[in-house]
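Let's take a quick tour of a protein and the ligand it holds. Have the sequence and the 3D view open while you read.

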Amino acid sequence: MSLLVAYFSWGGTTRIIAEQIQKTVGGDLFEIKTLDPYPKEYNPTTAVAKREQRSNARPALTAQVNGMDSYKTIFLGYPNWWGTIPMAIVTFLESYNFSGKLIIPFCTHGGSALGRSIADIKKLCPQSTIGEGLAIRNGTIDHAGNAITVWLRQPCLDQPK
Ligand SMILES: Cc1cc2nc3c(=O)[nH]c(=O)nc-3n(C[C@H](O)[C@H](O)[C@H](O)COP(=O)(O)O)c2cc1C
């Protein structure tokens with residue numbers, strides 16, 4: 001089974017979790033990056049993100065995944081932004097046909113866990129199976145190993161590899 005771990009990370013926290021997951025499950029790692037970088041400072045970034053969410057923006061991305069068709073399972077990582085997926089994840093999910101694929105979300109957050117993100121991913125990918133999501137609070141990522149291991153035991157990952 002061909003696995004992809006795709007993630008967006010502004011501050012690097014989600015990247016650390018994505019790398020940890022990829023080391024555990026194998027497969028390929030892909031960083032989702034916007035063509036227009038976000039500000040370096042936190043507050044301006046929250047303002048840009050709010051504006052993007054309000055205007056239902058689709059930030060352009062820098063690169064496409066090669067051979068998305070060959071991946072059956074996609075681990076999808078993102079920071080919780082204003083209660084849900086960053087709009088860059090919306091662009092990503094609209095860029096490919098995920099029908100029949102398994103998408104397993106994971107997020108890092110400052111307290112709102114997965115928020116509305118799972119419902120929003122389901123709306124964008126109605127023909128996909130959406131696995132159980134994992135939420136890791138920022139500041140606790142050094143101790144996330146066990147939570148990741150437990151989360152990877154979910155039934156939809158039991159199919160023969
Ligand atoms: C634009 C923006 C919006 C955010 N909104 C939320 C939120 O609604 N709920 C929450 O728990 N954390 C929120 N956070 C905190 C991030 O989810 C958290 O710090 C995350 O671990 C950052 O991941 P990263 O380092 O991969 O970007 C927000 C952060 C940013 C920059």
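Here is a briefing on the ligand, its surroundings and the empty spaces in the protein.

This is a predicted model, where local features need pLDDT of at least 70, side-chain atom pairs count only at pLDDT 80 or more, and totals for chains, interfaces and linings use all residues. Residues are numbered from 1 along each chain as its sequence is written, and side-chain values use heavy atoms, with hydrogens and water left out. The ligand sits in the largest pocket, and the protein covers 90% of the 640 Å² of accessible area that the ligand has on its own (Shrake-Rupley method, 1.4 Å probe).

**Around the ligand**

- The ligand has 21 residues around it, and Ser-9, Thr-14, Thr-108, Ser-112 and Asn-138 come nearest (a residue is near if one of its heavy atoms lies within 4 Å).
- Check out the side chain of Thr-108: one of its N or O atoms is 2.6 Å from an oxygen atom of the ligand.
- The backbone joins in too, with a polar backbone atom of Gly-111 lying 3.0 Å from a ligand oxygen.
- A nitrogen atom of the ligand is 2.9 Å from a polar backbone atom of Trp-82.
- Two or more shell residues each come from helix H1 (13-25), helix H2 (42-54) and strand E4 (102-109) (DSSP runs numbered from the N terminus, with at least four residues for a helix, H or I, and at least two for a strand, E).
- H2 gives the largest share of that shell, four residues.
- By class, the shell has six nonpolar, 15 polar and no charged residues (Ala, Val, Leu, Ile, Met, Phe, Trp, Tyr, Cys and Pro count as nonpolar, Asp, Glu, Lys and Arg as charged, and the others, Gly among them, as polar).

**The pockets**

- A pocket is an open set of points on a 1 Å grid over the protein atoms alone, with protein on both sides within 12 Å along at least five of seven lines, and its lining residues have an atom within 4 Å of a point.
- The largest pocket holds about 420 Å³ of space (a volume is the space filled by probe spheres set on the grid points, which are joined across faces, edges and corners).
- Its lining has 21 residues, with Tyr-42, Pro-79, Asn-80, Trp-81 and Asn-138 nearest the centre.
- The second largest pocket has a volume of about 180 Å³.
- Phe-8, Ser-9, Trp-10, Glu-31, Ile-32, Lys-33, Thr-34, Pro-37 and Tyr-38 line that second pocket, which makes five nonpolar, two polar and two charged residues.

**The cavity**

- A cavity is a set of grid points where a 1.4 Å probe fits but cannot get out.
- The structure holds one cavity of 30 Å³ or more, and the largest cavity has a volume of about 40 Å³.
- Its lining is made of Ala-49, Gln-53, Trp-81, Trp-82, Ile-85, Pro-86 and Met-87, and it divides into six nonpolar, one polar and no charged residues.

Terms used:
Polar contact = N/O pair within 3.5 Å; in protein donor to acceptor, adjacent residues only side chain to side chain. Sits in = over half its atoms within 2 Å of the grid points.
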